[in-house]
Amino acid sequence: RNCDWSSDVCSSDLLGINSAKGAMVQEVIPGSAAERAGLQPGDVILGVNGEVVVDSAALRTKIGLLRIGEIARLEFLRGGRVMLVEIEIEEAPEQRD
């Protein structure tokens with residue numbers, strides 16, 4: 001079976017985890033908080049501040065509810081390993097002057 005990497009959710013057996021939920025990082029903008037935190041394309045975000053992320057829409061909502069300057073704890077999957085990182089919320093690049 002193949003995983004459609006253009007979609008948000010891949011089956012748990014292909015990802016090697018016990019959940020079929022998450023949002024795959026498609027791009028990391030140079031100079032962004034995500035880049036500084038070490039996120040990479042292909043990482044699968046599984047949770048934000050202990051709350052499960054079911055898809056990219058849920059991730060956008062969870063991040064969008066946080067205030068600029070607030071620290072978010074992201075749980076993500078990379079290479080079959082679940083990892084944690086803290087990231088400072090900042091304005092989206094398209095909102096900067």
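## The hairpin of strands 2 and 3

In the hairpin formed by strand 2 and strand 3, two residues sit between the strands, and Asn49 takes a positive phi near 50°. Strands here are DSSP runs of E with at least two residues, helices are runs of H or I with at least four, and both are numbered from the N terminus. The two hairpin strands pair in the antiparallel sense over two bridges; pairing means that DSSP finds at least two bridges between the strands. Across the hairpin, Gly47 stands opposite Val52 in strand 3.

One thing to keep in mind: this is a predicted model, in which local features need pLDDT of at least 70 and side-chain atom pairs count only at pLDDT 80 or more, while totals for chains, interfaces and linings use all residues. Residues are numbered from 1 along each chain as its sequence is written, and side-chain values use heavy atoms, with hydrogens and water left out.

## Strand 2 and its other partners

Strand 2 also pairs with strand 4 (residues 71–78), antiparallel, through four bridges. Ile45 has Phe76 as its bridge partner there. Strand 1 joins strand 2 by two bridges, and these two run antiparallel as well.

So how many residues of strand 2 are buried? Five of the five are, so strand 2 is largely enclosed by the rest of the structure. Buried here means under 20% relative accessible area, exposed means over 50%, and partly exposed is in between (1.4 Å probe, protein chains only).

## Met24 in strand 1

Met24 is found in strand 1 and stands opposite Val44 in strand 2. Met24 is buried, with a relative accessible area of 13%. Met24 and Asp43 are 19 residues apart in sequence, yet their C-alpha atoms are 5.7 Å apart in space.

## Helix 3 and its two faces

Helix 3 covers residues 56–64, and its buried residues are Ser56, Ala58, Leu59 and Lys62. They cover an arc of only 155° around the axis, which puts them on the same side of helix 3; the arc is taken from the directions from the helix axis to the C-beta atoms. What do these buried residues pack against? They pack against strand 1 (23–24), strand 2 (44–48) and strand 3 (51–52), with contact meaning heavy atoms within 4.5 Å.

Turned away from that buried side is a face carrying the exposed residues Arg60 and Gly64. At the start of helix 3, a side-chain oxygen of Asp55 comes to within 3.2 Å of the backbone nitrogen of Ala57.

Note on methods: A polar contact is a pair of N or O atoms within 3.5 Å; within protein, one must be able to donate a hydrogen and the other to accept it, and residues adjacent in sequence count only if both atoms are side-chain atoms.
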